[in-house]
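This report describes a structure in terms of its metal sites, its sheets and the helices that pack on them. The sequence and the coordinates are shown first.

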Amino acid sequence: MEIIPGIYQFKLPLPIPNAPDVNVYLIQGDRGWLLVDVGWDTQEAFDALDKQLKEIGLDFKDIAQIVVTHIHPDHYGLAGKVKQLFQAQLTLHQIEKDLIETRYIKVDHLLQEVADWLRTNGTPEDELPSLQRASLGVIEYVTPTLPELTVSGGEVISTGLFNFEVLWTPGHFPGHICLYEREKRILISGDHILPLTTSNVGIHPQSGSSPLDGYLNSLTKLKELDVDLVLPAHEYPFRELRQRIEELFQHHREREAAIVDLIRDKPKTAYQTATEIPWLADSGGATWQSLSPLNKRLAVGETLSHLESLRGKGEVHKTHQENVFFYRYSK
Ligand SMILES: [Zn+2]
Ligand SMILES: [Zn+2]
């Protein structure tokens, strides 16, 4: 679908039931096209990309550059294959590049770190293996590859017809980037801002110490931009960037207030706190037991990102008992 002259949105299917399609954007240039995000490495995603390229009279070899907003498998998985077959140049944030090996190539160390992290945050031993291994299956949908170019924010990626400034927007993932076409007032927002879903912002072994603060700071910066059209990596393009940012701030304020209430009288672990939060409120709510192992792990990480942000503001006190961390509101 052509969103505006020279920018096409393609939808690629995901291999996991109930997971949302990913949007990839194809941007015209005078020296080849730019593809932003690539989809999972599955035959279905490859064929869907091929078919949609052909529909607009293009071929893979017309793609000169690929920019991946972050290395989650739905954005990065297919990059290796497309690059190998058609010699496109891949660009990633430097931080993302540094995480590729531990995340997708030598995963044993990261798996051990995830187990230690779950244990010290109060996950019961009988649940630990399923939470630890919850995302291991997605590795088969990624062909790891290193970028030709790395960025850190502030660079301009040009196609000749469009000039996108690289904005470093940590939070959902530490080296996540958005792309901003200042003159045409277009923001490609990746997973940083979606129109309906609140992006996962959680602590995990690769997240850095306070991803929530990074996320909120990145949102504050984006709020200053003059934007007419937001192109997100899931769901649909939308226009009201500032309103959506306000909704996201509100969501995090409400979540923070709920967490403060839970730890006001009694110190709790992140796991214990997470089990008492009403999750998925937007879609009718879900009990803790009904969450999938992956969603439980993400929930512990999100809870912890709030606890650590509150601790950074001096409102929460952290203690430990036999290598397990407890948090208590102490303002
Ligand atoms: Zn993501
Ligand atoms: Zn995504």
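## Burial of the metal ligands

Asp 74 has a relative accessibility of 10% in this predicted model, and Asp 74 therefore counts as buried, the limit being under 20%. His 234 is likewise buried, with a relative accessible area of 7%. His 172 is buried at 7% relative accessibility, and Asp 191 is buried at 6%.

## The zinc ion (ligand 2)

Asp 74 and His 234 belong to the donor set of the zinc ion (ligand 2), which also includes His 75 and Asp 191. The aspartates contribute OD atoms and the histidines NE2 atoms, at 2.1 to 2.2 Å from the metal. The angles subtended by the 4 donor atoms run from 86 to 153°, and the arrangement is therefore irregular; a tetrahedral assignment would require all angles to lie between 85 and 135 degrees.

The spacing of these donor residues in sequence is D-H-x115-D-x42-H. Distant parts of the chain are linked here: Asp 74 lies in helix 2 (residues 73–76), whereas His 234, 160 residues apart from it, lies in the loop between strand 12 (229–232) and helix 8 (241–262).

## The zinc ion (ligand 1) and the shared aspartate

His 70 (NE2), His 72 (ND1), His 172 (NE2) and Asp 191 (OD) coordinate the zinc ion (ligand 1) at 2.1 to 2.2 Å. Asp 191 bridges this ion and the zinc ion (ligand 2), and the two metals lie 3.6 Å apart. The donor spacing for the zinc ion (ligand 1) is H-x1-H-x99-H-x18-D. His 172, in the loop between strand 9 and strand 10, is thereby linked with Asp 191, in the loop between strand 11 and helix 7, 19 residues apart.

The 4 donor atoms around the zinc ion (ligand 1) subtend angles of 92 to 169°, so this arrangement is irregular.

## The five-stranded sheet

Several of the elements that flank the donor loops belong to an open sheet of 5 strands, in the order 8-9-10-11-12 and with mixed pairing. Strand 8 (156–158) and strand 12 are at the edges; each has a single partner strand, so one side of each lacks a neighbour in the sheet. From one strand to the next, the twist averages 25°.

Strand 9 (residues 163–168) and strand 10 (residues 177–181) run antiparallel and are joined by 4 bridges. Leu 167 is placed opposite Cys 178 of strand 10.

## Helix 8

The 22 residues of helix 8 should span 32 Å at 1.5 Å a residue, and the end C-alpha atoms are 32 Å apart, in agreement with that expectation. The buried residues of this helix include Leu 241, Ile 245, Leu 248, Phe 249, Ile 259, Val 260 and Leu 262. Arg 244, His 251, His 252, Arg 255 and Glu 256 are also among them. The elements that cover the buried residues of helix 8 include strand 11 (186–190) and strand 12, together with helix 7 (211–223), helix 9 (270–275), helix 10 (293–312) and strand 14 (324–329).

## The seven-stranded sheet

An open sheet of 7 strands follows the order 1-2-3-4-5-6-7, with mixed pairing. Its edges are formed by strand 1 (2–4) and strand 7 (149–151), each with a single partner strand, so one side of each is left without a neighbour in the sheet. The twist averages 25° from one strand to the next. Strand 1 and strand 2 (residues 7–12) run antiparallel and are joined by 2 bridges, with Ile 4 opposite Ile 7. Helix 1 (residues 43–55) lies across strand 2, strand 3 (22–27), strand 4 (33–36) and strand 5 (63–67), at about 150° to strand 2. Helix 4 (residues 94–105) also packs on the sheet; helix 4 touches strand 6 (89–93) and strand 7, and its direction makes about 100° with that of strand 6.

Strand 4 is covered on both faces: Trp 33 and Leu 35 are buried on one side, Leu 34 and Val 36 on the other. In a regular strand the side chains alternate between the two faces of the sheet. Strand 4 runs antiparallel to strand 3, with 3 bridges, and parallel to strand 5, with 4 bridges. Leu 26 stands opposite Leu 35, and Trp 33 opposite Ile 63. Strand 3 and strand 4 form a hairpin with 5 residues between them, and Gly 32 in the turn has a positive phi of about 100°.

Conventions. Residues numbered from 1 in each chain as written. Chains lettered and ligands numbered in written order. Predicted model: local features only at pLDDT ≥ 70, side-chain atom pairs only at ≥ 80, totals over all residues. Heavy atoms only, no water. Donors = N, O, S within 2.8 Å, 3.2 Å for Na, K, Ca; no water. Tetrahedral: all angles 85-135°; square planar, octahedral: opposite > 155°, others 65-115°. Buried < 20%, exposed > 50% of the residue type's maximum accessible area, 1.4 Å probe, protein only. Expected span 1.5 Å × (residues − 1). Contact = heavy atoms within 4.5 Å. Pairing = 2+ DSSP bridges. Axes fitted to C-alpha atoms, helices over the stretch in contact; angles between N-to-C directions.
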